[in-house]
Amino acid sequence: METLDHLIDHLMEQEWVQSQSYIPTGLAQQLAQEIQEFEATGRLHAATIGQGNEQHHNTTVRQTQIAWFDPEQLTPTQSQLHERLDAIRQHLNQTCFLSLVDFECHYAVYPPGAFYERHLDQFRGDARRTISFTLYLNENWEQEEGGALRLYLDNNQTVDVWPEMGTFSMFLSAKLEHEVLPTQRTRYAVVGWMKTRGSGVLR
Ligand code: OGA
Ligand code: MN
């Protein structure tokens, strides 16, 4: 298994990282089963963009359906993921002098045809989102099916992360613009953010 040190070194050097092994495949498969149960039982709702007054549904940009993890009522499967994520959060605090106080995450389902235009994860006037992360829950993804997470690095370089079962990625929320390319196939993921306390500093 990839060590946390290795993962975090890469994140800090490159501003992003992906790992096929940090999250055990068995756990990803359990999450995949659960997100499909949520979908089948109507526990997902349309995602919005922005925050507070700026929050709106924008169906031309996002057809995504989501369900937030409720920290008070995690399912046993969600708890297992939470433990792994919290280990990362604590390690980042210890080794990188960050003060990440908590994280938030949700299940996300992109139906065929859905995408998410190029954007930054920090909301205007709110710098709390510090580390973005994704965990993909799709068996045998083919590149022809689209749906890559495209990260825009420095010097106009891009890198594509494919949404294959168990692939876990992290990137710096304030720095990397990114998009989800149109998907041909229903695309399942967990997406979230590690946050600092912050008080809504304007940029
Ligand atoms: C987001 C996002 C990426 C992905 O929800 O803000 O960028 O791969 N998601 O689902
Ligand atoms: Mn994003």
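**Exercise 1. Determine which atoms of ligand 1 and of H178 approach each other, and extend the analysis to the other side chains in polar contact with ligand 1.**

*Solution.* Step 1. A polar side-chain atom of H178 is placed 2.9 Å from an oxygen atom of ligand 1. This is a polar contact, defined as a pair of N or O atoms within 3.5 Å; within protein, one must be able to donate a hydrogen and the other to accept it, and residues adjacent in sequence count only if both atoms are side-chain atoms. The model is predicted: local features need pLDDT of at least 70, side-chain atom pairs count only at pLDDT 80 or more, and totals for chains, interfaces and linings use all residues. Residues are numbered from 1 along each chain as its sequence is written, chains are lettered from A and ligands numbered from 1 in the order in which they are written, and side-chain values use heavy atoms, with hydrogens and water left out.

Step 2. For R187, a side-chain N or O atom is 2.8 Å from an oxygen atom of ligand 1; for H119, the corresponding distance is 3.2 Å.

Step 3. Ligand 1 taken alone exposes 290 Å², of which the protein buries 97% (Shrake-Rupley method, 1.4 Å probe; for residues, only the protein chains shown count as cover).

**Exercise 2. Describe the shell of residues around ligand 1 and the strands that supply it.**

*Solution.* Step 1. Ligand 1 is surrounded by 13 residues, the closest being H119, D121, Y136, H178 and R187; a residue is near a molecule or strand if one of its heavy atoms lies within 4 Å of it.

Step 2. The shell comprises seven nonpolar, three polar and three charged residues. Here Ala, Val, Leu, Ile, Met, Phe, Trp, Tyr, Cys and Pro count as nonpolar, Asp, Glu, Lys and Arg as charged, and the others, Gly among them, as polar.

Step 3. At least two shell residues come from each of β5 (116-119), β6 (129-136), β10 (177-180) and β11 (187-196). The most, three residues, come from β11. Helices (H or I, at least four residues) and strands (E, at least two) are DSSP runs numbered from the N terminus.

**Exercise 3. Identify the protein donors of the manganese ion (ligand 2) and their spacing along the chain.**

*Solution.* Step 1. H119 (NE2), D121 (OD) and H178 (NE2) are the protein donors, lying 2.1 Å from the manganese ion. Donors are N, O and S atoms within 2.8 Å of the metal (3.2 Å for Na, K and Ca); water is not among the atoms, so sites may look incomplete.

Step 2. Along the chain, the donors follow the spacing H-x1-D-x56-H. H119 in strand β5 and H178 in strand β10 are 59 residues apart, and the pair links distant parts of the chain.

Step 3. H119 counts as buried because its relative accessibility is 14%, and H178 is likewise buried at 4% (buried: under 20% relative accessible area; exposed: over 50%; partly exposed in between; 1.4 Å probe, protein chains only).

**Exercise 4. Locate N140 and N156, and state whether each is buried or exposed.**

*Solution.* Step 1. N140, although not a glycine, has a positive phi of about 50°; N140 is found in the loop between β6 and β7 (149-152).

Step 2. N156 also has a positive phi, near 60°, and belongs to the loop between β7 and β8 (158-161).

Step 3. N140 is exposed at 55% relative accessibility, and N156 is exposed at 78%.
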